[in-house]
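Open the structure in your viewer and keep the sequence panel beside it. The stops below say what to select and what is found there.

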Amino acid sequence: EREGRMSDKFRNRVMFPIIDLRGNVIGFGGRIMGQAKEINGFKIPKYLNSPETPVFNKGRNLFSLNFAKNEGSGRIILVEGYMDVISVYQAGVTNIAATLGTAITPDQAKLLLRYCSEILLCYDSDEAGEKATIRAIDVINGVGGKARIIRLKGAKDPDEYIKKNGVGAFKAALDTAIPSTEYRISKIRRQFDTDTAQGKAEFVTSAAESLLN
């Protein structure tokens with residue numbers, strides 16, 4: 001209900017069916033059309049899912065895993081949103097899945113690792129995407145999994161990268177995905193001026209602390 005009137009919960013959203021590993025539709029995800037905004041001080045979420053039920057739990061399912069699990073390469077690409085999955089899949093890369101509008105959970109990481117030996121993270125290249133990547137690395141490592149990070153230079157997300165450079169360049173980026181430890185260290189390095197002795201020392205200390213955690 002909004003301003004005294006009834007309104008569809010998924011109004012002004014593009015709807016995506018969420019399908020389980022057996023091919024059953026268990027819920028829906030809705031992505032807002034345009035940019036997320038506020039109405040009467042209430043922030044409208046970018047993604048909105050069906051209410052949770054005994055068969056639909058957004059922390060235990062993934063969008064498009066029903067397709068990605070059959071690809072057989074031993075690795076699955078994990079992206080942030082439904083549109084990322086669709087654009088990459090349309091380009092011919094089918095081992096791709098997404099969380100359901102939330103950060104990856106241990107249950108989702110365990111589920112992915114049932115069908116692959118490593119998870120390739122391909123989140124947005126902005127600050128929020130980098131923070132989400134670090135969180136995802138922690139979750140995947142926490143369940144005993146292996147993560148590598150895809151770096152898409154000159155593009156914010158996979159869709160933009162493929163449009164600019166073609167699917168061949170995207171596939172090459174998969175093969176040069178860096179280990180999670182290297183990603184962590186490169187991110188820490190940017191915080192220090194390693195051209196100075198003090199900066200180098202601070203970088204080494206911070207990097208060592210990160211590796212120990």
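The tour starts with the whole chain and then moves through its parts.

**The whole chain**

Begin with everything shown as a cartoon, and keep in mind that this is a predicted model. The chain holds 8 helices and 10 strands. Of its 213 residues, 41% are buried. Colour the surface by atom type if your viewer allows it: the accessible surface comes to about 11900 Å², and carbon and sulfur atoms account for 50% of it. Among the contacts with a separation of 6 or more, 57% link residues 24 or more positions apart.

**The sheet**

Next, select strands S7, S6, S8, S9 and S10. In that order, these 5 strands form an open sheet with mixed pairing. S7 and S10 (178–179) are at the edges; each has a single partner strand, so one side of each lacks a neighbour in the sheet. As a general point, strands of a sheet pair through backbone hydrogen bonds, either parallel or antiparallel.

**Strand S6 and its partners**

Select residues 75–79, which make up S6. Is this strand enclosed or open? Because 4 of its 5 residues are buried, S6 is largely enclosed by the rest of the structure.

Now add residues 118–121, strand S8, which pairs with S6 in the parallel sense over 4 bridges. To find the register, show Arg 75 opposite Glu 118, then Ile 76 opposite Ile 119.

For the other partner, add residues 96–98, strand S7. S7 runs parallel to S6, and 3 bridges join the two. Here Leu 78 stands opposite Ala 97. Follow the chain from S6 through helix H2 (residues 82–90) to S7: this β-α-β crossover is right-handed.

**Helix H2**

Stay on H2 and show its side chains. Tyr 82, Asp 84, Val 85, Ser 87 and Val 88 are buried there. Just after the helix, select Gly 92, which has a positive phi of about 105°.

**Strand S8 and the way to S9**

Return to S8 and look at its two faces. Glu 118 and Leu 120 lie on one side, Ile 119 and Leu 121 on the other, and all of them are buried.

Add residues 147–149, strand S9, which runs parallel to S8 and is joined to it by 3 bridges. Ile 119 stands opposite Ala 147, and Leu 121 stands opposite Ile 149. The chain gets from S8 to S9 through helix H4 (residues 127–142), in a right-handed β-α-β crossover.

While H4 is on screen, select Arg 135, which has its place in this helix. Arg 135 counts as partly exposed because its relative accessibility is 45%. Use the distance tool from its C-alpha atom to that of Ile 104: the two residues are 31 apart along the chain, and the separation of these atoms is 8.1 Å.

**The nonpolar cores**

Which residues have the most contacts inside the largest nonpolar core? Select Ile 77, Ile 150 and Phe 170; the core they belong to has 26 residues. The elements giving two or more residues to this core are strand S1 (13–19), S6, H2, S7, helix H5 (158–165) and helix H6 (167–175).

Centre the view on Ile 77. Leaving out residues up to four places away in sequence, Ile 77 touches Val 93, Asn 95, Ile 96, Ala 97, Leu 120, Cys 122, Ile 150, Phe 170 and Leu 174. A second, separate core has 24 residues, including Ala 97, Ala 109, Ile 137 and Ala 147.

**Asn 61 in its loop**

For the last stop, select Asn 61, in the loop between strand S5 (47–49) and helix H1 (65–68). Is Asn 61 buried or exposed? Asn 61 is buried: its relative accessible area is 15%, and the cut-off for buried is under 20%. Its side chain reaches the backbone oxygen of Asn 57 at 2.8 Å.

Then show what surrounds this residue. Apart from neighbours within four places in sequence, Asn 61 is in contact with Ile 26, Val 55, Phe 56, Leu 100 and Gln 108.

Conventions
Residues numbered from 1 in each chain as written. Predicted model: local features only at pLDDT ≥ 70, side-chain atom pairs only at ≥ 80, totals over all residues. Heavy atoms only, no water. Buried < 20%, exposed > 50% of the residue type's maximum accessible area, 1.4 Å probe, protein only. Pairing = 2+ DSSP bridges. Right-handed = clockwise from strand over helix to strand, strands pointing away. Contact = heavy atoms within 4.5 Å. Areas by Shrake-Rupley, 256 points an atom, 1.4 Å probe, with all protein chains shown as cover. Polar contact = N/O pair within 3.5 Å; in protein donor to acceptor, adjacent residues only side chain to side chain. Core = buried A, V, L, I, M, F, W, Y, C linked by side-chain atoms within 4.5 Å.
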